[in-house]
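Here is a set of short questions and answers about one protein chain. Look at the sequence and the structure first, then read on.

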Amino acid sequence: MSAGLSSNKPNGEDVEPFFFVNMADCQLGMLKGNKNWIQEKEMLLEGIEIVNKMKPKPKFVTMCGDLINAFPTKKNVSVRAGQTKDLKYSISKLNKDIPFICMCGNHDVGQTPTKETMEEYRKTWGRDYYSFFVNNCRMVVINSQIYKDSSKTGDDFIAQEKWLAKEVNEEKERRDAPCIFFSHIPPFILNKNEKESWANLPVKHRKKLLEMSKLSGCVAWFCGHYHQNAIAYDEDLEIIISSAIGTAIDSMGKDFSQGLIQPMKLQIGKNVSGFRIVHVNQMGVRHQFFTLNDAPTELNVNIFSDKNNL
């Protein structure tokens, strides 16, 4: 968890409205297959420059996983080091008064994470699951890759499950302010009963996680991974999937939630790459994805379109 955010439970006050910025998949190296990551770095730095100009300042910035592109293998050690160095440099340009919140994606810890890849992530970026409070709202960050495959992570899955149950029970008793979840992989893309695919969480874990999130009073669950924008619902819970601050995927109008279309059509640039601005108050959240070309720096509720909040 970034410095400047509190893990202490608040005293039950009403929510003072605030903004935060939700980014996803900076994934340095995706566009050129790890040969270089010049354009992803440029987009991230451009996004950070815009965030630094925002008034009022957002309370925090999230990066919903896939921080870098190179998988954690022996042959990728040097390229991962280079991508990590450039990412940390880019993050250092963010206003020091704006905490940066990150979480792991499949490219960060591997499709099948191991004790070793999880330890590497923690040493580099910090905890892989945690919560914090902003203006009386509990923010819950989970490690979604553990739910995808925990076969080589020892007791990590059980540890996160116990921690999450405790967080949910505390919030269930509190329930005086919105709760918000964050992860890399979305629980689902189109509907909660869809089959498991590359894009969503296994059905056996999805159902329990959705039940737990709703018990906690969660009103919004922010995710990345899909490299496109999508919105879905499970009753009153909104699943908000943000496209990439780095390289986006153009599905050419086709549904690719159940399988990637090959060859993938990749896009990057200030007219495509972007982030989501989120407003939180006592009633819940409002949000909209903006490309870097269109992102505002003066934050107020009038920036949101009533017609389309993707």
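Q: Which residues form one aromatic cluster with Phe20 and Phe60?
A: This is a predicted model, in which local features need pLDDT of at least 70 and side-chain atom pairs count only at pLDDT 80 or more, while totals for chains, interfaces and linings use all residues. Residues are numbered from 1 along each chain as its sequence is written, and side-chain values use heavy atoms, with hydrogens and water left out. Rings of Phe, Tyr and Trp (its six-membered ring) pair if their centres lie within 6.5 Å; planes under 30 degrees apart count as stacked, over 60 as edge-to-face and the rest as tilted. The cluster joins Phe20 and Phe60 with Tyr130, Phe132, Phe182 and Phe222.

Q: How many aromatic pairs does a search of the whole structure find?
A: A pair of aromatic rings is described by the distance of the centres and the angle of the planes. The search of the whole structure gives a count of 11.

Q: Is the aromatic pair of Phe181 and Trp221 stacked or tilted?
A: The ring centres of Phe181 and Trp221 are 5.5 Å apart. Phe181 is in strand E6 and Trp221 in strand E7 (residues 218-223), 40 residues apart; strands (E, at least two residues) and helices (H or I, at least four) are DSSP runs, numbered from the N terminus. The planes of Phe181 and Trp221 make an angle of 55 degrees, so the pair is tilted.

Q: Is the aromatic pair of Trp198 and Tyr226 stacked or tilted?
A: The centres of Trp198 and Tyr226 lie 5.9 Å apart. Trp198 is in the loop between E6 and H7, and Tyr226 in the loop between E7 and strand E8 (230-234). With 20 degrees between the planes, the pair is stacked.

Q: Is Tyr226 buried or exposed?
A: Buried means under 20% relative accessible area, exposed over 50%, and partly exposed in between (1.4 Å probe, protein chains only). Trp198, at 23%, is partly exposed. Tyr226 has 5% relative accessibility, so this residue is buried.

Q: Which residue forms a salt bridge with Glu170?
A: A salt bridge is a side-chain nitrogen of Lys or Arg within 4 Å of a carboxyl oxygen of Asp or Glu. Glu170 is in helix H6 (residues 156-174), and its partner is in strand E5 (residues 137-141), 32 residues apart. The N to O distance is 3.3 Å, and the partner is Arg138.

Q: Which of Lys208 and Glu161 is buried?
A: The side chains of Lys208 and Glu161 meet in a salt bridge, 2.9 Å from N to O. This pair links helix H7 with helix H6, 47 residues apart. Lys208 has a relative accessible area of 43%, so Lys208 is partly exposed. The other has 13%, so the buried one is Glu161.

Q: How far apart are the end C-alpha atoms of H6?
A: The expected span of a helix is 1.5 Å times one less than its number of residues. H6 has 19 residues, so 27 Å is expected. The end C-alpha atoms agree with this, at 27 Å.

Q: Which elements are included in what covers the buried residues of H6?
A: The buried residues of H6 include Phe157, Trp163 and Leu164. Contact means heavy atoms within 4.5 Å. The cover includes helix H4 (115-125), strand E4 (130-134), E5, H5, E6 and H7.
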